[in-house]
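I opened this model to look up its cores, ring pairs, cysteines and backbone oddities. My entries follow in the order I made them.

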Amino acid sequence: MLETKEQEMIEIRRHLHENPELSFEETETAKFIKNFYKDKECTVTTDIGGQHGILVDIEGGLPGDMLAIRADFDALPIHEEADVPFRSKVDGVMHACGHDAHTAYMLVLAECLISIKDRLKGTVRIIHQPAEEVPPGGAITMVKEGCLDGVSHVFGIHVISTMPTGVIAYHAGSVHTGRATFKIKIQGKGGHGAVPHEAKDSILAGAEFVTGIQKIVSRKINPMDTVTVTIGSFDGRGTANIIKDSVVLEGDIRMLKEESREIVEQEFRRILEGVCIANDMTYELDYKNDYKVCVNDEATTTRIVTALSEANLQEVSSIVDCGAQSPSEDFAYYAEKRPSCFFFVGAHEPGTEAYGHHHPKFRIDEKSLLISSKSMAVAVLNYMEKGI
């Protein structure tokens with residue numbers, strides 16, 4: 001059934017790709033999704049999770065659990081440079097992460113599940129989630145507003161532009177890093193380079209801080225654990241002979257264990273405080289813990305991998321354990337509350353250069369839409385028939 005609807009998926013994906021909307025601004029995308037379900041035999045709940053979230057319940061004809069499957073639909077503030085005929089019509093906004101593909105495959109899969117609902121055991125809840133890209137993200141709000149009420153498990157897929165089409169990848173346990181972000185203003189005292197003793201050099205203090213926090217990973221974290229500390233911006237621009245009054249630093253922190261989060265923040269604050277005391281300066285710090293570590297339930301992941309292996313889908317060339325992935329993902333908020341599995345579908349278009357997610361030349365092989373829909377269908381139907 002899904003094979004006959006592949007072109008429909010592609011057309012939906014291209015429409016969404018041409019008309020991207022940023023996180024928390026997905027008004028027209030939400031309308032498009034709601035209109036898709038009009039007059040279909042399902043229950044639709046709208047305007048949740050940052051106002052644009054949508055839940056679609058497909059109630060089966062036989063008793064059973066409620067399973068949730070999630071697709072996100074926001075875009076990114078990036079000007080598209082990909083050479084495709086359906087480029088973004090919105091200047092400075094594009095689907096550079098594949099959320100248009102997630103929504104397209106999910107809509108058509110939902111349509112197929114509705115057509116066989118009388119044979120389903122239990123209920124399938126489709127979570128159409130806005131605002132994955134911008135903290136606090138749409139998932140945490142949807143969870144707070146009850147999207148997991150009555151739900152036993154949650155499944156999700158992400159297409160991967162750098163992974164060969166035909167590959168399905170998974171990892172049990174911590175599959176995506178957690179994250180924290182920070183912005184610091186170190187306040188010194190400006191002055192002339194000819195009389196440095198009369199100033200308090202904020203650039204020097206900032207440099208000491210940048211060097212100091214490298215010790216967090218190398219000396220405070222178990223070397224078997226994964227943590228990164230990145231300074232992405234150091235705003236110390238000024239005149240060559242003037243000692244700058246203040247500097248602003250911004251960056252982020254990633255970790256694969258929630259236990260590492262507290263250690264990093266404690267050491268981060270201690271080093272910042274020490275540097276500023278040593279240099280007789282003050283600081284302002286905005287430190288935000290946002291996305292949690294995304295953890296795939298082992299039993300759920302094993303069940304899905306087994307089902308996919310047994311299904312022997314002709315479009316799938318291999319099923320591999322890809323290990324933990326360094327980006328963060330707000331699917332973590334579902335996985336925190338319910339046994340879940342978030343897995344990956346390769347989408348590198350053969351013959352093209354593989355650009356990573358969030359790149360202005362990002363593109364995917366649209367064959368990944370059918371693979372995504374079929375692999376999720378296998379996971380859903382196997383769960384409804386056999387459970388975990």
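Entry 1, contacts. I took contact to mean heavy atoms within 4.5 Å. The model is a predicted one. With that cut-off I looked up M376 and set aside its neighbours within four places in sequence. M376 is in contact with I69, Y105, L109, F155, G156, I157 and F343.

Entry 2, the cores. I asked which residues touch the most other members of the largest nonpolar core. They are Y37, I58, I69 and M376, in a core of 64 residues. Helix α3, residues 99-115, gives this core its largest share, 11 residues. Another core lies apart from it and holds 27 residues. Among its members I noted I127, C147, A169 and C294.

Entry 3, S375. I found S375 in helix α10, which spans residues 367-386. Is S375 buried or exposed? S375 is buried, because its relative accessible area is 0%, and the cut-off for buried is under 20%. Leaving aside neighbours within four places in sequence, I listed the contacts of S375 as I157, I168, L308, L313, F343 and V345. I also took the distance from S375 to S260: C-alpha to C-alpha they are 34 Å apart in space, with their positions 115 residues apart in sequence.

Entry 4, aromatic pairs. I counted nine aromatic pairs. One of them joins F36 and Y37. Their ring centres are 5.5 Å apart and their planes stand at 85 degrees, an edge-to-face pair. I checked the accessibility of both residues. F36 counts as buried because its relative accessible area is 11%, and Y37 counts as buried because its value is 3%. Y37 had already come up as one of the residues that touch the most other members of the largest core. Elsewhere I found F182, F209, F268 and Y287 linked by ring pairs into a cluster.

Entry 5, charges over rings. F36 appeared again here. The charged end of K40 sits over the F36 ring, 4.4 Å from the ring centre. I noted R179 as well, with its charged end over the ring of Y291 and 5.1 Å from the centre of that ring.

Entry 6, cysteines. How many disulfides does the structure hold? I found zero. C97 is in no disulfide, and the nearest cysteine sulfur to it, that of C294, is 14 Å away. For a disulfide the two sulfur atoms would have to lie within 2.5 Å. C97 counts as buried because its relative accessibility is 8%. C276 is also buried, since its relative accessibility is 2%. I had met C294 before, as a member of the 27-residue core.

Entry 7, backbone. I kept in mind that most residues other than glycine have a negative phi, and that most peptide bonds are trans. The peptide bond from P135 to P136 is cis, with omega near 5 degrees. P136 lies in the loop between β4 (121-129) and α4 (138-144).

I then looked up two residues with a positive phi that are not glycines. D280 has a phi of about 55 degrees and sits in the loop between α7 (258-278) and β12 (282-289). D280 is exposed because its relative accessible area is 52%, and the cut-off for exposed is over 50%. For N312 I noted a phi of about 50 degrees. The loop that holds N312 runs between α8 (298-311) and β14 (318-321). N312 is exposed too, because its relative accessible area is 63%.

Entry 8, G64. I located G64 in strand β3, residues 62-72. Its relative accessibility is 52%, so G64 counts as exposed. Not counting residues up to four places away in sequence, G64 touches K121 and G122. How far apart are G64 and D280 in space? C-alpha to C-alpha I noted 65 Å, and the two are 216 residues apart in sequence.

Entry 9, annotation. I checked the UniProt record last. An unreviewed entry there places the feature "domain: Peptidase M20 dimerisation" at residues 176-274. Over residues 176-274 I noted 35% helix and 35% strand. The end C-alpha atoms of that stretch are 32 Å apart.

Conventions:
Residues are numbered from 1 along each chain as its sequence is written. This is a predicted model: local features need pLDDT of at least 70, side-chain atom pairs count only at pLDDT 80 or more; totals for chains, interfaces and linings use all residues. Side-chain values use heavy atoms; hydrogens and water are left out. UniProt positions are given in the numbering used here, feature names are shortened, and annotations may be inferred rather than shown by experiment. Helices (H or I, at least four residues) and strands (E, at least two) are DSSP runs, numbered from the N terminus. Buried means under 20% relative accessible area, exposed over 50%, partly exposed in between (1.4 Å probe, protein chains only). Rings of Phe, Tyr and Trp (its six-membered ring) pair if their centres lie within 6.5 Å; planes under 30 degrees apart count as stacked, over 60 as edge-to-face and the rest as tilted. A charge sits over a ring if NZ of Lys or CZ of Arg is within 6 Å of the ring centre and within 35 degrees of the ring normal. A nonpolar core is a set of buried Ala, Val, Leu, Ile, Met, Phe, Trp, Tyr and Cys residues joined through side-chain atoms within 4.5 Å.
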